[in-house]
Amino acid sequence: MELIYETIHHSGQIKMESTTSLKDIKQETIPKEVDEKWLRGMNRRSIYESLFVQQFIKSPIAMTNYDFFVQQLIKMDTPCLFSMVDDYKDIRKDTKGIAKEFASLETDKEILAFANKYGLLGILTQPSSGTIDYYYPTVFEPVYFWRHHIKEVKNLLKIYSTLKKKNIETNTDIIGDIVNYNSSAQGDFEWIDGGEKIPVYIYEEDLTTREDIDHLDELAGVHILGNVIRNRMKNTINLDFGDIVPSQKSSIGFRFKETYITNYLLGAIYYDLWTLISNNENVLFCPYCGDPFTKSGRKKFCSDSCRVMAHNAKKKGDK
Ligand SMILES: [Zn+2]
């Protein structure tokens, strides 16, 4: 089903600054004590400020010690994206193919450009592979939140493409190449490139048949794909019946056109990833830079520049 993604982040309103600038905004906008009267008067403030304050203190779902978390961020002096929202008007953005685009982001500059195109991810809390994110209309997000999810989406694409390859050749592995499996620790998995736990448990005593044991690698891949994507999409996507279309088949003369809708970019990214898997799309990884790309014709590299650089590197090696 089609997904509509609507965001308050308009193109070109996002900038990257150190988290230390949270300190300045904080002093200006956060009152010592929040009282109801003050919050009611909030519509007189700028939209950015009110969203900032909401993200900071008013969110009913904010994690405990959010204040402490922001203090830590300020101390860390780490890059952070700020969205200077000046209008609540939602705008729709096309997010088809966004999962691969997101997974290919590398530099801060690329992350900033992507954010200016699509908006902020919409996550409030420190990500981990094991928990469900708190989605929220955010106005600031540390870049390391982004890097966590970029890595995760890229790893999930790798698992998916390895599972596809396994149907054809056998000498390709998920365990050992993409994830580690520690059977002594209750069947825990973790990402090989970051050592973060993945919330998927396969207990050895449950692997009863020869078949199960032989296919542990596939089982792990499928479980990780399904569980992580399901967790990430939780509380992000709603069913919408906004469009009413005339229909002769319907006894009321009209039908409600169903769509999915989300206000959170990260939800749209995981939905795109899910769609790609459901549609059996092919994903290749560039042998030069490692970025995922769509196969077309006999293309082996993600871009001409990678093809040229791989060629030059080979020539150098041959000498
Ligand atoms: Zn490349």
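# A walk through the helices and strands

Start by selecting helix α9 (residues 216–233) and helix α10 (residues 265–278): their axes come within 9 Å of each other and cross at roughly 145°. What you have open is a predicted model. Turn the view until one helix lies in front of the other, and you will see that α9 passes α10 in a left-handed crossing. Now show the side chains at the contact. From α9, pick Leu225, Ile229, Arg232 and Met233. From α10, pick their counterparts Leu266, Gly267, Tyr270, Tyr271, Leu273, Trp274 and Ile277. Sorted by class, this contact of α9 with α10 has nine nonpolar residues, one polar and one charged.

**Next stop: the other neighbour of α9**

Keep α9 selected and add α7 (143–166). Here the two axes come within 10 Å and cross at roughly 140°. Which way does α7 pass α9, left-handed or right-handed? The crossing is left-handed. On the α7 side, select Glu152, Leu156, Ile159, Tyr160, Thr162, Leu163 and Lys166. On the α9 side, the partners are Glu218, Gly221, Val222, Ile224, Leu225, Val228 and Ile229. This contact of α7 with α9 has nine nonpolar, two polar and three charged residues. Leu225 and Ile229 are worth a label, as they belong to the contact with α7 and also to the contact with α10.

**Under α10: a sheet of four strands**

Go back to α10 and look at the strands it crosses. Helix α10 lies across β1 (3–7) and β10, running at about 160° to β1. Both strands belong to an open sheet with the order β4-β1-β10-β9 and mixed pairing. Which strands form the edges of this sheet? They are β4 (91–93) and β9 (238–246), each of which pairs on one side only. Viewed along the sheet, neighbouring strands are turned by 45° against each other on average, direction ignored.

Zoom in on β9 and β10 (residues 254–262), which pair in the antiparallel sense over seven bridges. To find one of the bridges, select Asp243: its partner in β10 is Lys257. While you have the side chains of a strand on display, keep in mind that in a regular strand they alternate between the two faces of the sheet.

**On to β3 and its partners**

Now select β3 (79–83). Is this strand mostly covered or mostly open? It is mostly covered, with four of its five residues buried. Strand β3 runs antiparallel to β2, and five bridges join the two. For one landmark, find Ile14, which stands opposite Ser83 in β3. Strand β3 also runs antiparallel to β5 (residues 140–142), joined by three bridges; there, Phe82 has Phe140 as its bridge partner.

Follow the chain out of β3 and into the loop that leads to β4, where you will find Asp87. Why does Asp87 count as exposed? Because it has 11 C-beta neighbours inside 10 Å, and a residue is exposed at 12 or fewer. Even so, Asp87 touches His10 and Ile47, leaving aside residues up to four places away in sequence. Ile47 is 40 residues away along the chain, yet the C-alpha atoms of this pair are separated by 6.7 Å.

**A helix with a buried side**

Select helix α6 (residues 108–118) and colour its buried residues, Ile111, Phe114, Ala115 and Tyr118. They lie on the same side of α6, because they cover an arc of only 100° around the axis. What do these buried residues pack against? Their neighbours are β2 (14–18), β3, β4, α5 (98–103), α7 and α10. Just after the helix, stop at Gly119, which takes a positive phi of about 110°.

**Last stop: β6, β7 and β8**

Finally, select β6 (residues 179–182) and β7 (residues 188–191), an antiparallel pair with four bridges. Tyr181 finds its bridge partner in Phe189 of β7. Strand β7 also pairs with β8 (residues 197–198), again antiparallel, over two bridges, and Glu190 stands opposite Lys197 there. Together β7 and β8 form a hairpin with five residues between them, and Gly195 in the turn has a positive phi of about 65°.

**Zooming out**

Show the whole protein chain again: it has eleven helices and twelve strands. Of its 319 residues, 30% are buried. Among contacts with a separation of 6 or more, 67% come from residues 24 or more positions apart.

Methods: Residues are numbered from 1 along each chain as its sequence is written. This is a predicted model: local features need pLDDT of at least 70, side-chain atom pairs count only at pLDDT 80 or more; totals for chains, interfaces and linings use all residues. Axes are lines fitted to C-alpha atoms, for helices over the stretch in contact, and angles run from 0 to 180 degrees between N-to-C directions. A crossing is left-handed if the near helix is turned anticlockwise from the far one by less than a right angle, and right-handed if clockwise. Two residues are in contact if their C-beta atoms, placed from the backbone, lie within 7 Å. Ala, Val, Leu, Ile, Met, Phe, Trp, Tyr, Cys and Pro count as nonpolar, Asp, Glu, Lys and Arg as charged, and the others, Gly among them, as polar. Two strands pair if DSSP finds at least two bridges between them. A residue is buried if 20 or more other C-beta atoms lie within 10 Å of its own, exposed if 12 or fewer, and partly exposed in between; C-beta atoms are placed from the backbone. The arc is that of the directions from the helix axis to the C-beta atoms.
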